[in-house]
Amino acid sequence: MWESSSRQCLASCNRDDFPMGSKTMTLTLEIHLRKMPTAPVNDDGTVLYYEDSGVPAKSTDYITIVLVHGTCFHGAIYRPLLPFAAERNLRLVFLNQRGYPGSSTFTSEDVEGLRGSSDEQGQVMRDRGLEIAEFLRWFIETASIPPIKTTPDLNASTGGISLLAWSGGTMASTAMLAHADKLSEGTQKLLSEYIRSFVMYDPSGFATGQPLPPGLSTLKIAPSLSVDVQLADFALSVASYYPPYTLNEGADLPTSFDPPRTPLVGEEYTPTTSKMAPGVLASLTQAPLLELHQHLIWSVSRDVFRENTERALLDCRLRAPAKGSGERAKVWPDLPVHVVWCEMTVGECLWGVLVIRHRFEHAKAEHRRILTFHKLADANHFLHWENPERFVQFLAGIV
């Protein structure tokens with residue numbers, strides 16, 4: 001059904017409705033309709049759907065980036081990046097999370113877990129993170145991607161795989177790092193040899209477990225409304241342009257935003273989704289999630305997300321102490337993390353960056369990961385759609 005509906009929707013859209021015109025539209029149709037690949041990620045038959053740009057022509061040292069989508073929008077939101085990947089020696093893989101097109105749905109046990117205690121909720125989120133890790137392992141082995149190799153001048157490296165999570169996708173992806181010690185020794189070792197970096201692209205404030213201060217929240221999604229109305233409201237809020245915000249090093253977290261953070265008005269600030277044809281927006285989103293389990297995820301105990309952020313970024317000593325040692329061992333201690341924020345993003349994602357930055361500055365240097373913060377100037381939450389060439393060029397410079 002997913003393949004059929006996507007074929008109908010994409011075929012009916014005007015090429016001009018997609019960024020960069022016909023080049024992207026043609027590649028979108030060719031890549032998407034070629035096949036419907038899925039990867040097994042556990043022993044229960046769970047699969048995750050993905051789209052793969054393929055190996056850059058004749059390259060043996062390309063870098064692979066696995067991109068995890070955000071809330072409601074699935075991996076198709078990244079398709080405008082495709083025309084610009086090969087020229088920068090990148091292989092792009094768009095991964096759909098559980099409950100999104102082509103991937104396994106949440107089980108009844110998952111849904112009950114999300115309704116349960118904080119421990120049960122934490123188990124559900126942990127499993128989502130481990131599924132991403134298993135996908136990385138599976139793809140490394142199946143696609144035979146080149147390993148990380150240092151260049152002769154020792155100033156750069158090629159090969160390997162990076163993980164990027166956008167917006168709400170950081171909730172599951174952060175859980176992967178937070179519970180990396182639960183992976184098999186073989187998977188831990190393989191990923192340590194291949195994984196280059198973790199990119200938190202405009203991370204969700206929900207993923208930090210820190211309540212938003214007054215005046216900052218812009219997402220007001222009422223569960224009592226139809227899922228189509230909820231999706232329309234959500235898409236408009238996250239895709240708007242908001243006043244630019246500057247991060248001040250060492251500053252305390254704001255206790256309120258006055259005046260409240262509201263969208264800018266004007267033709268140059270037209271929300272990204274408002275510039276999409278209805279058929280295009282429908283082809284990028286999964287409205288039923290708002291009825292099935294998304295509100296349950298948003299209601300997961302803040303302690304679950306706070307602990308995951310702590311374990312993933314601020315204290316990666318996850319393994320039990322070795323015999324005769326009182327010190328817990330780190331998992332992937334040299335893995336660099338890039339926190340990327342869009343200067344004109346929605347309040348919830350701005351808050352995610354502010355909280356991560358604040359906690360990082362107060363964490364013990366010997367325990368935390370290597371974090372680097374990057375600002376994308378004049379960008380809203382959808383830079384990858386608004387200016388895909390700029391976004392790919394930026395990624396090539398940091399992964």
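Two strands count as paired when DSSP finds at least two bridges between them. Keep that in mind for the opening stop, and remember throughout that this is a predicted model.

**The whole chain**

Before selecting anything, take in the overall view. The protein chain has 14 helices and 10 strands, and buried residues make up 58% of its 399 residues. Among contacts with a separation of 6 or more, 79% are between residues 24 or more positions apart.

**Stop 1: strand β8**

Select residues 195-201, which are strand β8. Is this strand mostly covered or mostly open? Mostly covered: 7 of its 7 residues are buried. Now add residues 161-166, strand β7, which pairs with β8 in the parallel sense over 6 bridges. To see one position in this pairing, show Ile161, which stands opposite Ile195 in β8. Next add residues 336-342, strand β9; β8 and β9 run parallel and are joined by 4 bridges. Here you can pick out Phe198, whose bridge partner in β9 is Val337.

**Stop 2: the nonpolar cores**

In soluble globular proteins, nonpolar side chains tend to be buried together. The largest nonpolar core in this model has 57 residues, and Phe135, Ile161, Met176 and Trp332 touch the most other members. Helix α4 gives this core its largest share, 8 residues. Centre your view on Trp332 and ask which residues it is in contact with, leaving aside neighbours within four places in sequence. You should find Met176, Leu177, Ala180, Leu183, Gln188, Leu191, Ser192 and Arg369. Then move to a second, separate core of 51 residues, which includes Cys342, Phe382, Phe391 and Leu395.

**Stop 3: aromatic rings**

There are 17 aromatic pairs to explore. Start with Tyr50 and Trp138, an edge-to-face pair at 5.8 Å centre to centre, with 65 degrees between the planes. Why does this pair tie together separate parts of the chain? Tyr50 lies in strand β2 (residues 47-52) and Trp138 in helix α4 (residues 118-143), so the pair joins parts that are 88 residues apart in sequence. Tyr50 and Trp138 are both buried.

Now select Phe234 and Trp298. Their ring centres are 6.1 Å apart and their planes stand at 40 degrees, so this pair is tilted. Phe234 belongs to helix α7 (residues 227-238) and Trp298 to helix α10 (residues 294-298), so parts 64 residues apart in sequence are tied together here. Both of these residues are buried as well.

For a bigger selection, show Phe73, Tyr78, Phe94, Trp166, Tyr201, Phe382 and Phe391, which ring pairs link into a cluster.

**Stop 4: arginines over rings**

Turn to Arg98, which lies over the face of Phe106 at 5.8 Å from the ring centre. Then jump to Arg368, found over the face of Phe360, at 3.9 Å from the ring centre.

**Stop 5: the cysteines**

How many disulfides does a search of the whole structure find? The search finds 0. Select Cys349 to see an example: Cys349 is in no disulfide, and the nearest cysteine sulfur, that of Cys342, is 8.4 Å away. A disulfide would need the two sulfur atoms within 2.5 Å. Is Cys349 buried or exposed? Cys349 is buried, with a relative accessible area of 4%. Finish at Cys316, which also counts as buried because its relative accessibility is 0%.

Methods:
Residues are numbered from 1 along each chain as its sequence is written. This is a predicted model: local features need pLDDT of at least 70, side-chain atom pairs count only at pLDDT 80 or more; totals for chains, interfaces and linings use all residues. Side-chain values use heavy atoms; hydrogens and water are left out. Buried means under 20% relative accessible area, exposed over 50%, partly exposed in between (1.4 Å probe, protein chains only). Rings of Phe, Tyr and Trp (its six-membered ring) pair if their centres lie within 6.5 Å; planes under 30 degrees apart count as stacked, over 60 as edge-to-face and the rest as tilted. Helices (H or I, at least four residues) and strands (E, at least two) are DSSP runs, numbered from the N terminus. A charge sits over a ring if NZ of Lys or CZ of Arg is within 6 Å of the ring centre and within 35 degrees of the ring normal. A nonpolar core is a set of buried Ala, Val, Leu, Ile, Met, Phe, Trp, Tyr and Cys residues joined through side-chain atoms within 4.5 Å. Contact means heavy atoms within 4.5 Å.
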